[in-house]
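Please open the structure in your viewer and keep the selection tool at hand. The tour below proposes one selection at a time and describes what is found there.

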Amino acid sequence: MNYHDLTDSIKSYGVIDEQICYNILGVNSDLIHKNVIIAPSWEISSLINPSDNEPINRTNTLFSSYKLWNVNRQGLKFTYIKTGFGAPLLMDAILALGNTNCQNIIFIGSAGALDKKIKVGDIIIPKLSFSGDGASRYISTDCFNKDTFCEKVLPDKDLFNKLKNATIKTCNQTNINWHMGINFSIDSIFAQYFYLDKIIELGCNSIEMETAAAFRASSLIKIPIAAIFSVSDNTIDKKSLINGREPNTKEYRRFVKNTIIPEIVLNLFKENDNI
């Protein structure tokens, strides 16, 4: 399967190119900048100075959960998209970006740690994600005969290395801990605990819901993507989403999420603009 297989199928039912981005993301394709931050749940106001944000007026579309902003921060322009939780919503947003000016995608979000050495608030850069989601099946070749479950999906190698180097530089300056991630993307928060032993046996040290589908979709549209996580919980260390996270731990995480990760991503975009 390639991207044209998907778009040609859409157009065979009477849709034209200009309608694809407009009816998925709710905006004309020319409003999307070349650098895009995509986030399942993080509000832009907690990451970027509100005075730099220009909300994009969206039409009523198929997906009411999407929120978009165009940001101009010290001359650096990028688009920020909040999709809502789960692989299907995020995957469709990325597929729609294949019909825009987008040239780089950075995924930012929360992940659970599956290693006691990784603390709540630390940064994880995933070098691969196991596909434990259902959405990925629909953008794989011959999904009716071959399942994608537990396939390894990779970010773009060059953008991953640039993001890793930007993370190392910032973390060394701020004494923030970061880790290389082997991630598992799952569809259920409630049901995940039953499968954690098997997921850890795969070698995974983090778990979240969207990056396997995000990496696969970005590869399909041939737009580089890499991801950066803030650790929200560590079930193995008895600090799950449900219990066990102390106030000082939550404060450390807020600092990393609201200050350090935005600095890393913006420095990366600046470097790309100068290349």
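Begin by selecting the buried residues of helix 6, which are T211, A212, A213, A214, F215, R216, A217, S218, L220 and I221. This helix is mostly covered, since 10 of its 11 residues are buried. The model before you is a predicted one.

**The end of helix 6**

Next, select K222. Where does K222 lie? The residue sits in the loop between helix 6 (211–221) and strand 10 (225–234). Just after helix 6, the backbone at K222 adopts a positive phi of about 60°. Most residues other than glycine have a negative phi. K222 is therefore a residue at which to pause, as its phi is positive although it is not a glycine. Is K222 buried or exposed? Its relative accessibility is 73%, so K222 counts as exposed.

**A second positive phi**

Move now to N175. This residue is placed in the loop between helix 4 (157–174) and strand 8 (178–186). N175 is likewise a residue other than glycine with a positive phi, near 60°. With a relative accessible area of 68%, N175 is exposed.

**Helix 4 and a long distance**

Select N165, which is located in helix 4. N165 counts as partly exposed because its relative accessibility is 46%, and this class lies between the limits of 20% and 50%. Add A191 to the selection and draw a line between the two C-alpha atoms. How far apart are N165 and A191 in space? The distance from C-alpha to C-alpha is 35 Å, while the separation in sequence is 26 residues.

**The cysteines**

Turn to the sulfur atoms. Select C102 together with C21. C21 holds the cysteine sulfur closest to that of C102, yet the two are 10 Å apart, too far for a bond. C102 itself is buried, with a relative accessible area of 7%.

Then select C150 and C204. Why is there no bond between C150 and C204? The sulfur of C204 is the closest cysteine sulfur to that of C150, but the gap is 8.0 Å, which is too far for a bond. A disulfide would require the two sulfur atoms to be within 2.5 Å. C150 is partly exposed, its relative accessible area being 29%. For the model, the count of disulfides comes to 0.

**The whole chain**

Finally, clear the selection and display the entire chain. How many helices and strands does the chain contain? There are 7 helices and 10 strands. Rotate the view to follow the C-alpha trace, which spans about 55 × 50 × 35 Å along its principal axes. The radius of gyration of the chain is 18 Å; a compact globule of 275 residues would have a value near 19 Å, so the two agree.

Colour the residues by accessibility. Of the 275 residues, 51% count as buried. The accessible surface amounts to about 13,100 Å², and carbon and sulfur atoms contribute 51% of that area.

Two further views complete the tour. If contacts with a separation of 6 or more are displayed, 78% of them join residues 24 or more positions apart. If the charged side chains are displayed, there are 29 positive and 29 negative charges, and the mean positions of the two groups are 6 Å apart.

Terms used: Residues are numbered from 1 along each chain as its sequence is written. This is a predicted model: local features need pLDDT of at least 70, side-chain atom pairs count only at pLDDT 80 or more; totals for chains, interfaces and linings use all residues. Side-chain values use heavy atoms; hydrogens and water are left out. Helices (H or I, at least four residues) and strands (E, at least two) are DSSP runs, numbered from the N terminus. The radius of gyration is taken over C-alpha atoms; the globule rule is 2.2 Å times the number of residues to the power 0.38. Buried means under 20% relative accessible area, exposed over 50%, partly exposed in between (1.4 Å probe, protein chains only). Contact means heavy atoms within 4.5 Å. Accessible areas come from the Shrake-Rupley method with a 1.4 Å probe; for residues, only the protein chains shown count as cover. Lys and Arg count as positive and Asp and Glu as negative; His and the chain ends are not counted. The place of a charge is taken as NZ of Lys, CZ of Arg, CG of Asp or CD of Glu.
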